[in-house]
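This report is addressed to a reader who wishes to relate a sequence to its fold. The sequence and the structure are shown first.

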Amino acid sequence: MTATPGYAARDNRGDNGIRICSTGLTDTCDLPSSVEELADLAVGTLDWTGSVLPAVRLLGRRVVPVAELVPDAHAERVCVGSAPVLDRTEIATWVWPEMSDRVPPAAARLSGVLAPARHWRTALTAVVPFARFTSAAIVVPRSVSDRDGFVSTCLIRARQFGVAVLSADENSIRVELEGRSFADSAPVEQTAVSRWVNEVVYDQLLASETPAPSRN
């Protein structure tokens with residue numbers, strides 16, 4: 001399922017660094033479709049599960065998260081009135097050993113992070129920080145992927161970080177490079193950054209009209 005296009009759930013430009021971007025007003029330039037349409041096509045091609053959420057600026061980078069609710073954790077948080085926490089300073093304390101039994105459970109499962117962009121360098125720069133703890137992919141115009149040197153520049157760099165590369169034109173979307181998948185891997189140790197991203201995504205899921213339920 002897909003969240004409401006361009007839904008502006010929150011616009012904080014302070015220390016938290018969160019900014020929800022309207023996908024209806026994206027600068028697509030050479031991209032063959034809107035960012036939202038490309039994200040939908042990419043998710044189907046990559047077989048990621050969950051809701052395609054509105055584009056959001058995280059850590060200074062514009063990305064499209066794909067996520068689903070974790071039913072048990074979400075129910076627990078509803079019961080105790082634990083809303084999403086977006087304060088990075090507070091969340092930084094959640095990974096302290098003495099806080100292990102005092103923090104709310106992660107109620108969102110991040111399937112992956114996408115970055116559709118007309119330049120592969122822009123897209124790769126956007127998703128690399130997230131590739132440490134979730135699947136990541138970029139989508140570039142087919143005219144970019146068909147250029148000489150694309151393999152020796154973009155694909156080599158993307159492979160180093162485990163980022164999938166897709167190209168799109170008006171008729172199709174194509175996988176240029178398979179990325180690393182976190183779907184069947186052991187859970188990654190949570191950091192202050194990954195836990196904060198999870199809270200932002202949880203907030204977006206609750207703001208969307210029909211968040212997709214987890215498969216589990």
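The following paragraphs treat the overall make-up, one helix, selected side-chain contacts, the cysteines and several loop residues.

**Overall make-up**

The structure is a predicted model. The protein contains 7 helices and 8 strands. Of its 216 residues, 49% count as buried. When contacts between residues at least 6 apart in sequence are considered, 70% of them join residues at least 24 apart.

**Helix H4 and its surroundings**

Helix H4 spans residues 120-127, and its buried residues are Trp120, Ala123, Leu124, Ala126 and Val127. Viewed down the axis of H4, these buried residues fall within an arc of 160 degrees, so they line one face of the helix. The elements against which the buried residues of H4 pack include three strands: S4 (61-69), S5 (108-116) and S6 (135-141). Two helices, H5 (142-145) and H6 (150-161), also pack against the buried residues of H4.

Strand S4, one of these packing partners, is also the place of Glu68. Is Glu68 buried or exposed? Glu68 counts as buried, because its relative accessibility is 3%, and the cut-off for burial is under 20%. The side chain of Glu68 makes a polar contact, at 3.4 Å, with the side chain of Thr49.

Helices H5 and H6, which likewise pack against the buried residues of H4, are joined by a loop in which Arg147 is found. Arg147 is exposed, with a relative accessible area of 51%. From this loop residue, the side chain reaches the backbone oxygen of Ser143 at 3.4 Å.

**Aromatic rings**

How many aromatic pairs does a search of the whole structure find? The search finds 1 aromatic pair. Phe130 and Phe133 form this pair, with 6.3 Å from centre to centre and 75 degrees between the planes. The arrangement is edge-to-face, because planes over 60 degrees apart are classed in that way. Both partners lie below the burial cut-off: Phe130 is buried at 0% relative accessibility, and Phe133 is buried at 18%.

A further ring interacts with a charged side chain in the model. Arg88 lies over the face of Trp196, at 4.5 Å from the ring centre.

**Cysteines**

The structure holds 0 disulfides. A disulfide is a covalent bond between the sulfur atoms of two cysteines. Two cysteines may be described by their accessibility. Cys79 counts as exposed, at 71% relative accessibility, whereas Cys154 is buried, with a relative accessible area of 0%.

**Loop residues with positive phi**

Most residues other than glycine have a negative phi, and most peptide bonds are trans. Two loop residues are listed here with their phi values. Asp47 has a positive phi, near 60 degrees, and is found in the loop between helix H1 (35-46) and strand S2 (51-52). Leu59 also has a positive phi, near 55 degrees, and lies in the loop between strand S3 (56-58) and S4. Asp47 is exposed, with a relative accessible area of 62%, while Leu59 is partly exposed, at 24%.

**Loop residues and partners distant in sequence**

Ala106 and Ala183 are each considered here with a residue from another part of the chain. The table gives their separations along the chain and between C-alpha atoms.

| Residue pair | Separation in sequence | C-alpha to C-alpha distance |
|---|---|---|
| Ala106 and Asp72 | 34 residues | 9.9 Å |
| Ala183 and Ser135 | 48 residues | 8.0 Å |

Ala106 lies in the loop between helix H3 (88-92) and S5, and S5 is one of the strands packed against by the buried residues of H4. With which residues is Ala106 in contact, leaving aside its neighbours within four places in sequence? Its contacts are Val70, Ala73, Gln190, Arg195 and Asn198.

Ala183 lies in the loop between strand S8 (173-177) and helix H7 (192-207). Ala183 is exposed, with a relative accessible area of 57%.

Note on methods. Residues are numbered from 1 along each chain as its sequence is written. This is a predicted model: local features need pLDDT of at least 70, side-chain atom pairs count only at pLDDT 80 or more; totals for chains, interfaces and linings use all residues. Side-chain values use heavy atoms; hydrogens and water are left out. A disulfide is a pair of cysteine sulfur atoms within 2.5 Å. Buried means under 20% relative accessible area, exposed over 50%, partly exposed in between (1.4 Å probe, protein chains only). Helices (H or I, at least four residues) and strands (E, at least two) are DSSP runs, numbered from the N terminus. The arc is that of the directions from the helix axis to the C-beta atoms. Contact means heavy atoms within 4.5 Å. A polar contact is a pair of N or O atoms within 3.5 Å; within protein, one must be able to donate a hydrogen and the other to accept it, and residues adjacent in sequence count only if both atoms are side-chain atoms. Rings of Phe, Tyr and Trp (its six-membered ring) pair if their centres lie within 6.5 Å; planes under 30 degrees apart count as stacked, over 60 as edge-to-face and the rest as tilted. A charge sits over a ring if NZ of Lys or CZ of Arg is within 6 Å of the ring centre and within 35 degrees of the ring normal.
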